[in-house]
Amino acid sequence: ELFTPLKERGAVILFDEGMQDLDDGAKKVLEDKWFQRKGARYFFVVARASKTGNQAKNRALSHRRANSVMYHLTSVANDPTIDKKVGLLWLGNEFAQLSKDYCSWTTSRPNEKCDEEAINRSAFVSWVDCRL
């Protein structure tokens, strides 16, 4: 329920299994969403790891995925206060897994099959306007 209201503003960055690197599609979607701020205050990044692997490995992978998003945003944003605008959250496989319904969002790989495994190897990104 946390993500559902963000569908029109957000996107899903998909990763290869066991990887945290952003491909060209991920970079493009991420940049598109970053520069569509529309007055919001915070850019929310929620990185996930899939059901495969152990808990510690998935937490670490999810953290690296969140960091990959942050590093790329830092390189393109040209904003010295970016660390005050981006909120990072990383979730391992012990947290609720998402259904393939989230494949209907804008994704970084629109021409590839999206399923529950893929959607849980992702990072959700969106501008939000809330008080932290």
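**Group meeting: salt bridges, a helix and two cores**

The side chains of Arg-109 and Glu-112 meet in a salt bridge, at 4.0 Å from N to O. That is my starting point. Before going on: this is a predicted model.

Let me stay with Arg-109. Arg-109 has another salt bridge, to Asp-23, where the closest N and O atoms are 2.8 Å apart. This pair links distant parts of the chain. Arg-109 is in the loop between S3 and H3, and Asp-23 is in the loop between strand S1 (11-14) and helix H1 (24-34). In sequence they are 86 residues apart.

Buried or exposed: what is Arg-109? Buried, because its relative accessible area is 11%, and the cut-off for buried is under 20%. Its partners read otherwise. Asp-23 is partly exposed at 25%. Glu-112 is also partly exposed, at 49% relative accessibility.

Now widen the view. Asp-16, Asp-23, Arg-109 and Glu-112 are linked in a network of salt bridges. How many salt bridges does the structure hold? It holds 7. One further pair is Glu-117 with Arg-121, with 3.7 Å between the closest N and O atoms. Here Arg-121 is buried, with a relative accessible area of 15%. Glu-117 is partly exposed, with 28%. In general terms, side chains of opposite charge can pair when their charged atoms come close.

Next, the loop between S3 and H3 again. Ser-99 is found there, between strand S3 (86-91) and helix H3 (116-119). Ser-99 is partly exposed, with a relative accessible area of 27%. Which residues does Ser-99 contact, leaving aside neighbours within four places in sequence? Glu-116 and Ile-119. For scale, Ser-99 and Lys-113 are 14 residues apart in sequence. Their C-alpha atoms are 14 Å apart in space.

The aromatic residues of this loop come next. The structure holds 6 aromatic pairs. In one of them, the rings of Tyr-102 and Phe-124 have centres 5.6 Å apart and planes at 90 degrees, so the pair is edge-to-face. Tyr-102 lies in the loop between S3 and H3 and Phe-124 in strand S4, so the pair ties together parts 22 residues apart in sequence. Both rings belong to buried residues: Tyr-102 is at 12% relative accessibility, and Phe-124 is at 3%.

Trp-105 and Phe-124 form an aromatic pair too. This one is also edge-to-face, at 5.3 Å centre to centre, with 90 degrees between the planes. Trp-105 sits in the loop between S3 and H3, so its pairing with Phe-124 in S4 ties together parts 19 residues apart in sequence. Trp-105 is buried, with a relative accessible area of 7%. Separately, Trp-34, Phe-43 and Trp-127 form one aromatic cluster.

On to helix H2, residues 55-77. H2 has 23 residues and reaches 33 Å from its first C-alpha to its last. That is close to the 33 Å expected at 1.5 Å a residue.

What about its ends? At the N-terminal end, Asn-54 caps H2. A side-chain oxygen of Asn-54 lies 3.2 Å from the backbone nitrogen of Ala-56. After H2 comes Asn-78, whose phi is positive, near 50 degrees.

Which residues of H2 are buried? Among them are Asn-58, Leu-61, Ser-62, Arg-65, Val-69, His-72 and Leu-73. As background, an α-helix has 3.6 residues a turn, so residues three or four places apart point the same way. The buried residues of H2 pack against H1, strand S2 (42-48), S3 and strand S4 (122-128).

That brings me to the cores. The largest nonpolar core has 22 residues. Inside it, Ile-13 and Phe-43 have the most contacts. S1, H1, S2, H2 and S4 each supply at least two residues of this core. Which element gives the largest share? H2, with 5 residues.

Look at Ile-13 in the viewer. Not counting residues up to four places away in sequence, Ile-13 touches residues including Leu-22, Ala-26, Val-29, Leu-30, Arg-121 and Val-125. Arg-121 is the salt-bridge partner of Glu-117 from earlier. There is also a second, separate core of 14 residues. Among its members are Val-12, Leu-14, Leu-91 and Val-128.

Conventions: Residues are numbered from 1 along each chain as its sequence is written. This is a predicted model: local features need pLDDT of at least 70, side-chain atom pairs count only at pLDDT 80 or more; totals for chains, interfaces and linings use all residues. Side-chain values use heavy atoms; hydrogens and water are left out. Helices (H or I, at least four residues) and strands (E, at least two) are DSSP runs, numbered from the N terminus. Buried means under 20% relative accessible area, exposed over 50%, partly exposed in between (1.4 Å probe, protein chains only). Contact means heavy atoms within 4.5 Å. The expected span of a helix is 1.5 Å times one less than its number of residues. A polar contact is a pair of N or O atoms within 3.5 Å; within protein, one must be able to donate a hydrogen and the other to accept it, and residues adjacent in sequence count only if both atoms are side-chain atoms. A nonpolar core is a set of buried Ala, Val, Leu, Ile, Met, Phe, Trp, Tyr and Cys residues joined through side-chain atoms within 4.5 Å. Rings of Phe, Tyr and Trp (its six-membered ring) pair if their centres lie within 6.5 Å; planes under 30 degrees apart count as stacked, over 60 as edge-to-face and the rest as tilted.
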